[in-house]
Amino acid sequence: DGLVVSEKGKSNNIDVKIPESELEAEEKGAEEERPRESDSNILDVSSDYPRDKHISIQRHLADLEKLADLSEDERKPCPLCPEEKFKACYSHKLHRHLQNLHWKVSVEFEGYRMCICHLSCRPVKPNLVGDQTLSKMGAHYHCIICSATIVRRTDMIGHINRHVNKGETESRFITVRAPKSSYKVVEESATDVQVLPNHSTPQKTDSYFNPKMKLNRQLIFCALAVLAGERKPIECLDAFGATGIMGLQWAKHLRSSVKVTINDCNENSVTMIKENCHLNKMKVKLNIREEDNDETVGNGEENSDTIEVTKMDANVVMHLRSFDFIHLDPFGSSVNYLDSAFRNVRNLGIVSLTSTDISSLYAKAQHVALRHYGCNIVRTEYYKELAARTVIAAVTRAAARCNKGIEVLLAVALEHFVLVVVRVLRGPTPADDSAKKVRYLIHCQWCEERVFQKEGNMVEENPYQQLPCDCYGSMPGKTAVLLGPLWSGALFNTGFLRRMLMEAVQYGLDEAQSLLKTLVCEAECTTLKHFSTHSPADENKQEECGVYIRTPNTSAESYLVHGKRKSEEVLRSTAKRQRPEHNAEHPPFYYNIHRHSIKGMNMPKLNKFLNYLSEAGYRVSRTHFDPMGVRTNAPLAQFKTVLKKYSTPTYVGAQVEGPVHLPGEIHVGEEVPAAIAIKVEEAELVEDDKPGVATAVFTQSYPTHCAAD
């Protein structure tokens, strides 16, 4: 009647019989310690679990009732409860007991029900005595897959789900690869990958694949395609391969221009990467050796369809070899891999990193941001840009430790991730220049005005004077906080973004195209209606890293110069001569129009407000960080003045800040609230000497009916 479980020790095999009743357990008290080891998940059950299952695991309620033998008209005990907990009773009462207290709270898996068990399979805590022991007598579930006993039903459901997610559907607690039938094939950008059913849960699977990161993969592909146009072939590394989707897209579309290495430290992930390579008709090359170094891969023509797959820690593979392009996408923060990434990356190479620890970067867990990034941040209206500048500051410090500087090519912060793409400039001078751009930010907590702290080591007597606002003088107490250190330089490179947009158009990456257009406008601080896919006439004034320049009559391919030392110096000197003519970089940070709206006033439409700011003489653009954000070089006071000027009152007679526009003063094309029209129509009935005002409002409110007038 009992369940026989074999416990495999280091030297011998011991068969332990677990009794079903408390009485037998008391008689065999010497064996109490052995069942306790089941909690450590080391017991092994037969692979044919429908045959050798625990009595609490049944297919139907009738099977559970058969254990109690309800056919006879006499008192029967419950097979899943000790006699001290549930005394023997007649069949009708025992039927209700089994149905309500065991069957209804069971956990279902593959047609079987794991009912709750009250037997002494699970030992109670030693500090419980007397009646407490009986009341706490081991209510638990038996796992159908492994030997674990779980107390709570919700924990049991999660326990079974973890088995399924890891492919452990056999009846023994070992890591088993899921059968081929459990895989499903996902296609993205003409690349097929096999994934497990739980591919979107990173903590429960070895093959993490997130469909929501498709835009992230497209942006990284465009950046790599631009670099592949500068020099061929380039060695690129996907340090955290998972399913290998990103590296496969690189090799499949860029072909002989790239030599792709996909790395992962998990054995199951490496196996899946190999299978996905074969699925996409790619050859697989294995095993990096330290002595091979840069000669591991042969000619581009010979290895155009070959992908190198490695199984080692990301820090190790980046220490062993040099790469032109490195992408880091770990689970969470990537700060632990920055030193290794910048150690061997080649000059003028690119490092891209995706950070998904948004709880700390978006100031929800500020202590974690301080611990990981050494940065003090608070929740602000521009928290997404604050997150991007926090990551770039960490990247800058890591590059400077390796005597390298950076040029930020792209910084994107969306709902699920923060993506930063930088170009590496070798030498102490670029490293010093980059390190000087890491500064502190003074942020006013009253009005959300902000300004980067001035350069220099001298202590200021009153740092509040650097803020344009006067909140410190008009408000009591301390009004500002010091945030950072943060990156204070530009977040975008216009020339690089334009070339990324060209690559996105060429490869048909629709999702990336719309975002890249917004980024180009944001980098140039212009509105989208002034956007042009063609290069402006003064594009020879643009520079990238002090190396790449463009002349007005050259195409996108002809102006790229490979990074040789002499040509580098010539182009850098040319760029320095052009630097005074170049327009100022885009303004840091942005304002949310809703955050600064005026109570009792209707704001103008966002695009109209951008035009009003532009007419006032300020640079202005929208931002991808915030759909209602406005990036402008206008101070906050001027921003509010323009917003106040073109806002309309919600209703007549309201107590509002700013001037109330009369109906006759409303400009054509502006939205007129219905409340104003009703008030004026009522006034027309009382006073007939002002028909013009009512007619004007009537025309604004009902333009379709008054077109003939």
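These questions and answers walk through the packing inside a predicted model.

Colleague: How many aromatic pairs are there?
Modeller: Two rings pair if their centres lie within 6.5 Å. By this rule, the count of aromatic pairs is 11.

Colleague: Take Phe609 and Phe639: is the pair stacked or edge-to-face?
Modeller: The ring centres of Phe609 and Phe639 are 5.1 Å apart. Planes over 60 degrees apart count as edge-to-face. The planes of Phe609 and Phe639 stand at 80°, so the pair is edge-to-face.

Colleague: Which helices hold Phe609 and Phe639, and how many residues apart are they?
Modeller: Phe609 sits in helix α20 (residues 606-615) and Phe639 in helix α21 (residues 636-645). The pair links distant parts of the chain. Phe609 and Phe639 are 30 residues apart.

Colleague: Is Phe639 buried or exposed?
Modeller: Buried means under 20% relative accessible area. Phe639 has a relative accessible area of 0%, so Phe639 is buried. Its partner Phe609 also has 0%, and Phe609 is therefore buried.

Colleague: Where on α21 do its buried residues lie?
Modeller: The buried residues of α21 are Leu636, Phe639, Val642 and Leu643. Seen down the helix axis, they fall within an arc of 125°, so they line one face of the helix.

Colleague: What do the buried residues of α21 pack against?
Modeller: Helix α20 is one of the partners. The buried residues of α21 also meet two strands. The full set is α20, β23 (591-592) and β26 (626-632).

Colleague: Why are the buried residues of α4 on the same side?
Modeller: In α4 (residues 91-103), the buried residues are Leu94, His97, Leu98, His102 and Trp103. They are on the same side of α4 because they cover an arc of only 145° around the axis.

Colleague: What do the buried residues of α4 pack against?
Modeller: The partners include helix α3 (61-68). Strands are also on the list. The buried residues of α4 pack against α3, β3 (57-58) and β5 (112-114).

Colleague: Which residues touch the most other members of the largest nonpolar core?
Modeller: The largest nonpolar core has 109 residues. The members that touch the most others are Phe342 and Met500.
Modeller: Helix α7 (residues 214-230) gives the most to this core, with 11 residues. At least three residues come from each of domain 2 (184-288 + 305-455 + 464-495) and domain 3 (589-649).

Colleague: How many residues does another core, apart from this one, have?
Modeller: Among its members are Cys447, Tyr612, Leu613 and Val620. That core has 22 residues.

Colleague: Is His327 buried or exposed?
Modeller: His327 is found in strand β14 (residues 323-328). Leaving aside neighbours within four places in sequence, His327 has contacts including Ile220, Trp250 and Leu353. The relative accessible area of His327 is 0%, so His327 is buried.

Colleague: What is the relative accessible area of Ser355?
Modeller: Ser355 lies in strand β15 (residues 345-355). Not counting residues up to four places away in sequence, Ser355 touches residues including Gly332, Tyr373 and Phe417. Ser355 is buried, with a relative accessible area of 1%.

Colleague: Which ring does Arg389 lie over?
Modeller: Arg389 is at 5.0 Å from the ring centre. A charge over a ring must be within 6 Å of the ring centre. The ring belongs to Phe589.

Colleague: Which residues form one aromatic cluster with Phe589?
Modeller: Phe589 is one of three named members: Tyr382, Phe452 and Phe589 form the cluster. The partners of Phe589 are thus Tyr382 and Phe452.

Key: Residues are numbered from 1 along each chain as its sequence is written. This is a predicted model: local features need pLDDT of at least 70, side-chain atom pairs count only at pLDDT 80 or more; totals for chains, interfaces and linings use all residues. Side-chain values use heavy atoms; hydrogens and water are left out. Rings of Phe, Tyr and Trp (its six-membered ring) pair if their centres lie within 6.5 Å; planes under 30 degrees apart count as stacked, over 60 as edge-to-face and the rest as tilted. Helices (H or I, at least four residues) and strands (E, at least two) are DSSP runs, numbered from the N terminus. Buried means under 20% relative accessible area, exposed over 50%, partly exposed in between (1.4 Å probe, protein chains only). A charge sits over a ring if NZ of Lys or CZ of Arg is within 6 Å of the ring centre and within 35 degrees of the ring normal. A nonpolar core is a set of buried Ala, Val, Leu, Ile, Met, Phe, Trp, Tyr and Cys residues joined through side-chain atoms within 4.5 Å. Domain bounds come from an automatic or database domain assignment. The arc is that of the directions from the helix axis to the C-beta atoms. Contact means heavy atoms within 4.5 Å.
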